[in-house]
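Open your viewer and get ready to click along. We will move from one selection to the next and look at what turns up at each stop.

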Amino acid sequence: MSEVRHNWTKEEILEIYNKPLMELLYEAATIHRLHHEANEVQVSTLLSIKTGGCSEDCGYCPQAARYHTDIEGNDLMPVQQVKAQALRAKASGSSRVCMGASWRNVKDGPEFDEVLEMVRTINKLDMEVCCTLGMVTENQAKRLAEAGLYAYNHNLDSSEEYYKEVISTRGYQDRLDTIDNVRKTNVTVCSGGIIGMGESVEDRAGMLVALSSLNPQPESTPINALVAVEGTPLEDQKPVEIWDMIRMVATTRIVLPETQVRLSAGRTQMSQEGQAFCFFAGANSIFAGDKLLTTPNPDVNEDMKLFEKLGLKAMKPFTKKVQPKSVSAEESEYKPLGENPKWTRPDHKIERNEEAKQKAKEIRAAEKAE
Ligand code: SAM
Ligand code: DTB
Ligand code: SF4
């Protein structure tokens, strides 16, 4: 078995990323086979349980309230609707439901209690449950674990240096601290990032240095290609070239050998051949379903046809780790602490974020005047 290393340098990672493609693919595919069943792909379905109206300024995100995008905002989804969606996801072959909320961080209170109930409900359907709710404290992570959460998604998104060019309302260290809080429980860590935001190849390598240095490394790592949404500061970014995606997936596979590497946002821009290359390069997870959180994703039937063509099989739930126990609200040991954590707000100025915010203000003023 190739060893899991936590001390990869940026230079070493760059050397891997820039190898002649056939060598890179051969090395990544070899490592993939040492650690994984190469024809199995884990399938997750995303569910936006609270959409839009977010206080943050993440330059890529259509859900940030300060930008003007086409998405429709919603209050927290009722538990019964979440259950119905999870059942649909299960019937279509997903082993995991990933619930996303447009929150900066989790706050103790009735909405978080509802989310805990959603976790219990999906766990009872014998599916893996993942949440991505922003920053969490140790006690909140413990409450999620107790409810039966399988994974928590919290992306580093880019290198520490480039993060500052994309987001000003929260800091990289808060992301790392949240991952640390999740690690204090038996919930698995899902953390990755986005390429195509204008970052350099060095930044991509920097993100992989940060992810690989986590000990243990994340159990899953989503690699998203930016979906450039009109109205966001990154609306004019050119689509990621498939070769960049393949190189990023292959390099991720090599430095995170035991991790499930997920081909995430941006698949609608990728051909079937391009995706097949990514699977060969070590991607072994996808988001399925016609919608990501707010943007389109390939049709499930098309994905299943692609699996058939490639001889890929959807992984059964709890293949990698046993199903966590789910404790009811009444029997729960961890209670809300009413914490007021001091997550940071660097608030430095990012020119393109400022411009997008200004543009949104003008559009809203014009709409009001009509
Ligand atoms: N609000 C929580 C947070 O930011 O941690 C959870 C939801 S947030 C939408 C989850 C992740 O989605 C982000 O960290 C980012 O990696 C990804 N994401 C958001 N918008 C994207 C876009 N336009 N293209 C690609 N990935 C995106
Ligand atoms: C992740 O890394 N990608 C997913 C999931 N984790 C939450 C979200 C992708 C969102 C793409 C833009 C949208 O649909 O809003
Ligand atoms: Fe809010 Fe998350 Fe979108 Fe940032 S990525 S604006 S925190 S929903």
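This tour goes through a stretch named in a database record, the surroundings of the ligands, and two helices.

**Stop 1: the annotated stretch.** Keep in mind that this is a predicted model. Select residues 39-267, where an unreviewed UniProt entry places the feature "domain: Radical SAM core". Over this stretch the chain is 35% helix and 18% strand. Now pick its two end C-alpha atoms: they are 19 Å apart.

**Stop 2: ligand 3.** Which residues surround ligand 3? Select Cys54, Glu56, Cys58, Cys61, Gln63, Ala64, Ser102, Arg104 and Gly134, and you have its shell. Sorted by class, these residues are four nonpolar, three polar and two charged. Three cysteines deserve a click here, since the unreviewed UniProt entry lists Cys54, Cys58 and Cys61 under "binding site".

**Stop 3: two of those cysteines.** Zoom in on Cys54, in the loop between strand 1 (40-50) and helix 3 (79-91). Is Cys54 buried or exposed? Count the other C-beta atoms within 10 Å and you get 22, so Cys54 is buried, as 20 or more are needed for that label. Leaving aside residues up to four places away in sequence, Cys54 touches Gln63, Ala64, Ala65, Ser102, Trp103 and Arg104.

Next, click Cys58, which sits in the loop between strand 1 and helix 3. Cys58 counts as buried because it has 23 C-beta neighbours inside 10 Å. With residues up to four places away in sequence set aside, its contacts are Ala64, Val166 and Ile167.

**Stop 4: helix 3.** Follow the chain on to helix 3, whose 13 residues should span 18 Å at 1.5 Å a residue. Its end C-alpha atoms are 18 Å apart, which agrees. Now colour Val82, Gln85, Ala86 and Ala89, which are buried. These buried residues cover an arc of only 105° around the axis, so they are on the same side of helix 3. Turn to the face pointing away from that buried side to find the exposed residues Gln80, Ala84 and Ala91. What covers the buried residues? Show strand 1, strand 2 (96-101) and helix 4 (110-124), which are among the covering elements. Just after the helix, Gly93 has a positive phi of about 105°.

**Stop 5: ligands 1 and 2.** Move to ligand 1, which has 17 residues around it; Thr132, Asn155, Asn224, Val227 and Ala265 come nearest. This shell has nine nonpolar, seven polar and one charged residues.

Then go to ligand 2. Of the 17 residues around ligand 2, the nearest are Pro222, Leu292, Leu293, Thr294 and Thr295. Strand 2 and strand 7 (220-225) are the elements that give two or more residues to this shell. Its classes come to eight nonpolar, nine polar and no charged residues.

**Stop 6: helix 2.** For the last selection, take residues 21-35, which form helix 2. Its 15 residues reach 21 Å from first C-alpha to last, close to the 21 Å expected at 1.5 Å a residue. Which of its residues are buried? They are Leu24, Leu25, Ala28, Ile31 and His32. Look down the axis: the buried residues fall within an arc of 135°, so they line one face of helix 2. Helix 1 (10-17), helix 9 (242-255) and helix 10 (272-280) are among the elements that cover them. On the face turned away from the buried side, you will find the exposed residues Met22, Glu23, Arg33 and Leu34.

Methods
Residues numbered from 1 in each chain as written. Chains lettered and ligands numbered in written order. Predicted model: local features only at pLDDT ≥ 70, side-chain atom pairs only at ≥ 80, totals over all residues. Near = placed C-beta within 6 Å. Nonpolar A, V, L, I, M, F, W, Y, C, P; charged D, E, K, R; others polar. UniProt positions renumbered as here; feature names shortened; annotations may be inferred. Helix = DSSP H or I, 4+ residues; strand = E, 2+ residues; numbered from the N terminus. Buried ≥ 20, exposed ≤ 12 C-beta atoms within 10 Å, placed from the backbone. Contact = placed C-beta atoms within 7 Å. Expected span 1.5 Å × (residues − 1). Arc of directions from axis to C-beta.
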